[in-house]
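Hello,

Here is the structure I said I would pass on. My notes follow below it.

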Amino acid sequence: AYLACRQGGLNVVDISNPYIPTTINHWVHGNSNNLFYSNHHIYLADKFQGLYILNVENANNIVLEGEYDTHSYSRDIAIKGNYLYEVERDPSDLKIFDISDKSKPALLYDEILYPDFGGVVAEVSVINNYLFLSTYATFTGGEHQFSWYKLDDPLNPELIGIFDETMLGIRSFDIQGNRAYIGNSSNLRILDLSVEQNPIPM
């Protein structure tokens, strides 16, 4: 198991005995917010430094393969093929990188998503041909939203729909099939996404 532990960095935990998880290695540099694992690599979203790409094929010897300083507060990461989608706060930004060469991630897209309302991007997920985002307000009167985009062109996300959850706030979400499960400050909301532009609360 791989854990992003803020100031504790990346921790590698042996869970072969689930009753006695054991930390076997760690990699500390900056402030690790979140991570994405793919094909023996950890893609790490760092609060202060942006993106790190780590080779963890040998869990006892973590190797830094690439990095990109975004000069912003990196929140979360998702990957589709050779494209990495990274979201940031202050401002709420979406960056898309080409990671075909892991030693030199190349920034291909950089867009502020929500310039007109008081919310910051919290979480990103890419499933099949869609990108999903959640945002939360940082002050009273700001907006909490769950939104989704088509990725027919992976470098040009097309906004499809927005679900406004301003009254309760959004903390996290998961997608299973045509349903979105959204956790807010007090309960669970379920959306039917089978009609792309018209989400139906269930």
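**What I found**

Three strands make up an open sheet, ordered β1-β2-β3 and paired in the antiparallel sense. This is a predicted model, so please read everything here with that in mind. The edges of the sheet are β1 (2-4) and β3 (22-27); each has a single partner strand, and therefore one side of each has no neighbour in the sheet. On average, neighbouring strands here are turned by 25° against each other, direction ignored.

As general background, strands of a sheet pair through backbone hydrogen bonds, in either a parallel or an antiparallel way.

Now the pairings one by one. β1 and β2 run antiparallel and are joined by 3 bridges. One residue pair to look at is Ala4, whose bridge partner in β2 is Leu10. The two strands β1 and β2 form a hairpin with 5 residues between them. In that turn, Arg6 has a positive phi of about 50°.

On its other side, strand β2 (residues 10-14) is joined to β3 by 5 bridges, again antiparallel. Leu10 turns up here as well: its bridge partner in β3 is Trp27. Asn11 stands opposite His26 in β3.

Is β2 enclosed or open to the outside? Of its 5 residues, 4 are buried, so β2 is largely enclosed by the rest of the structure. Buried here means under 20% relative accessible area.

**The second sheet**

A further open sheet has 4 strands in the order β4-β5-β6-β7, with antiparallel pairing. Its edge strands, β4 (32-38) and β7 (63-68), each pair on one side only. Neighbouring strands of this sheet are turned by 20° against each other on average, direction ignored.

Within this sheet, β4 pairs with strand β5 (residues 41-46) over 6 bridges, in the antiparallel sense. If you want one pair to find on screen, the bridge partner of Ser32 is Asp46 in β5.

**The nonpolar core**

Which residues touch the most other members of the largest nonpolar core? They are Tyr85, Leu131 and Leu133, in a core of 14 residues. At least two residues of this core come from each of β9 (83-89), β10 (93-98), β12 (119-127) and β13 (130-137). β12 gives the largest share, with 3 residues.

In general, nonpolar side chains of soluble globular proteins tend to be buried together.

**One isoleucine to look at**

Ile190 sits in strand β18 (residues 188-192). Is Ile190 buried or partly exposed? Its relative accessible area is 24%, so Ile190 counts as partly exposed, given that buried requires a value under 20%. From Ile190 to Ile175 the C-alpha to C-alpha distance is 9.8 Å, and the two are 15 residues apart in sequence.

**The protein as a whole**

The protein has 19 strands and 0 helices. It has 202 residues, of which 46% count as buried. Its accessible surface comes to about 10,100 Å², and carbon and sulfur atoms hold 47% of that. Among contacts between residues at least 6 apart in sequence, 34% join residues at least 24 apart.

For a first look, I would put up β2 with its two neighbours, β1 and β3, then the core around Tyr85, Leu131 and Leu133.

Regards

Technical notes. Residues are numbered from 1 along each chain as its sequence is written. This is a predicted model: local features need pLDDT of at least 70, side-chain atom pairs count only at pLDDT 80 or more; totals for chains, interfaces and linings use all residues. Side-chain values use heavy atoms; hydrogens and water are left out. Two strands pair if DSSP finds at least two bridges between them. Axes are lines fitted to C-alpha atoms, for helices over the stretch in contact, and angles run from 0 to 180 degrees between N-to-C directions. Buried means under 20% relative accessible area, exposed over 50%, partly exposed in between (1.4 Å probe, protein chains only). Contact means heavy atoms within 4.5 Å. Accessible areas come from the Shrake-Rupley method with a 1.4 Å probe; for residues, only the protein chains shown count as cover. A nonpolar core is a set of buried Ala, Val, Leu, Ile, Met, Phe, Trp, Tyr and Cys residues joined through side-chain atoms within 4.5 Å.
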